[in-house]
Every structure is written in structure tokens, then in C-alpha cells.
Amino acid sequence: MTAERVRTVRQVRLVGPRLAIREFRLDPEDVLALHAVLGDPEAVRHLGYEVCDEEECADQIELSLDEAEQDPRTVYRLAVAPAERDGGAPPIGQAVLELEGTRAASLGCVLRRDTWGNGYAGEVLALLCGFGFGTLGLHRLAARVDPENAASVRVLTRAGFRPEGRIRHDLLVRGAWRDSLLFSLLEDEWVRPAAARGWGEPHP
């Protein structure tokens with residue numbers, strides 16, 4: 001089964017105990033909220049791109065909406081928001097799941113700095129795993145991590161992701177080459193927490 005034949009979802013809304021992962025809206029509230037994340041040099045320090053201004057954040061939301069209309073859909077660039085207001089609250093971060101290869105995808109997320117330390121990254125990862133393995137029927141999920149990003153390494157390890165090695169000079173970031181650590185999780189290794197039944201399954 002190729003990436004083109006993986007099951008796809010046009011509109012995503014995943015709900016956990018504290019967070020909701022939903023489609024972005026091209027409105028001032030979502031644009032400003034995304035800028036509070038991607039416009040913060042500390043929040044994007046471990047990512048592979050520069051800080052974004054408000055216009056660039058609006059462009060990224062517009063891109064996410066275009067990607068949602070593709071048939072088949074291969075990129076899920078989604079807002080991470082508090083579960084309040086039925087997930088309609090302003091985003092506190094962004095999650096991405098991108099299909100690549102055969103029943104496989106890469107994933108990642110970035111959260112607003114003042115939300116760090118609350119276990120939100122682990123909840124986002126659980127939601128994405130449920131969506132990828134359960135809803136989309138994927139076999140493999142992978143994540144690339146900055147070797148200096150110890151917090152993300154801990155989150156992935158706790159979720160059962162296994163290290164596969166170091167990719168040397170994987171990204172050119174702000175004029176300097178950076179290595180990446182590669183982690184992966186297979187569908188038969190994924191254990192859905194009993195308290196998280198229903199996580200990652202689209203809600204109406």
C-alpha cells in the first residue's frame with residue numbers, strides 16, 4: 001500500500017483530556033496565536049526554520065488549508081488548542097503529520113513556551129499516534145529530533161518510540177548544518193493507554 005492509498009481524512013478534530021487538535025482557521029485569532037508560537041525564537045530553536053512574522057504565519061495557515069483539500073491528503077498541519085470551547089479556543093501550538101513512503105508518516109509538534117512542562121507534548125503525541133495508526137491505518141511513524149532537544153527525546157521515549165540512529169548534517173539551519181536523531185514506532189509496538197481510549201479518533 002503506497003502513501004497515496006492510505007486512508008485520508010479531510011477535516012480533523014481529535015480530542016484528548018486537555019487538548020484538541022483541529023484544522024487551522026484563517027482568521028486573526030488563529031494567526032496571532034500561531035505567531036505567539038512560531039514568532040518566539042526559543043520555541044523554534046530546535047526546529048528547522050527561522051522565526052515567522054505574522055504574515056508568514058498567515059501564509060502557513062493558508063498552506064495548511066490548501067493541503068487539507070488535496071486528494072489524496074498527504075499533509076496534516078494542524079492547530080493544537082485547549083479542549084475548552086469544543087476545541088475552538090486559540091491554538092497554543094502546531095502539530096504536523098506528513099505521509100511518506102509505504103503506510104508511513106513523520107510527525108512533530110511545537111508548543112507555545114509558556115505551556116511547556118505540563119505534559120502537553122505527550123498528549124499531542126498520543127493523539128497523533130491514535131490518528132496515524134488507528135484512523136489512517138499506518139504501519140510506521142517517525143520523528144526527527146535535534147540532538148540538543150532532550151525534552152522531546154524524553155517524550156518520544158516514554159511513548160515507546162525507539163532510536164534508529166543519528167542523521168549527520170540532516171538540516172541546514174540558520175547557516176549551520178545540524179544533525180538529527182531519528183526515532184520510530186511501529187503499529188504492533190504501539191500501546192494505546194487505557195485512559196486514552198478514543199484518543200486520535202476524529203470527532204464529529
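**A walk around the model**

Select R158 to start: at 68% relative accessibility, R158 counts as exposed (exposed means over 50% relative accessible area, buried under 20%, partly exposed in between, with a 1.4 Å probe and protein chains only). You're looking at a predicted model, so local features need pLDDT of at least 70 and side-chain atom pairs count only at pLDDT 80 or more, while totals for chains, interfaces and linings use all residues. Residues are numbered from 1 along each chain as its sequence is written, and side-chain values use heavy atoms, with hydrogens and water left out.

Stay with R158 and colour helix α4, residues 150-158, where R158 is found. (Helices are DSSP runs of H or I with at least four residues, strands are E runs of at least two, and both are numbered from the N terminus.) Now add L127: it sits 31 residues from R158 along the chain, and their C-alpha atoms are separated by 14 Å.

Next, hop over to helix α2, residues 54-68, and pick E56. At 38% relative accessibility, E56 counts as partly exposed. Keep E56 selected and add D53, E54, E55, D59, E62 and D66: together they form a negative surface patch. (Patch residues have over 30% relative accessible area and no salt bridge, with like charges joined within 9 Å; a salt bridge is a Lys or Arg side-chain nitrogen within 4 Å of an Asp or Glu carboxyl oxygen.)

Finally, zoom out and show the cartoon. You'll find four helices and eight strands, running β-β-α-α-β-β-β-α-β-α-β-β from the N terminus. The C-alpha atoms fill a box of roughly 40 × 40 × 35 Å along the principal axes. Of the 204 residues, 47% are buried.

Terms used. Patch = residues over 30% accessible without salt bridge, like charges linked within 9 Å, V, L, I, M, F, W, Y side chains within 5 Å. Areas by Shrake-Rupley, 256 points an atom, 1.4 Å probe, with all protein chains shown as cover. Lys, Arg positive; Asp, Glu negative; His and termini not counted. Charge placed at Lys NZ, Arg CZ, Asp CG, Glu CD.
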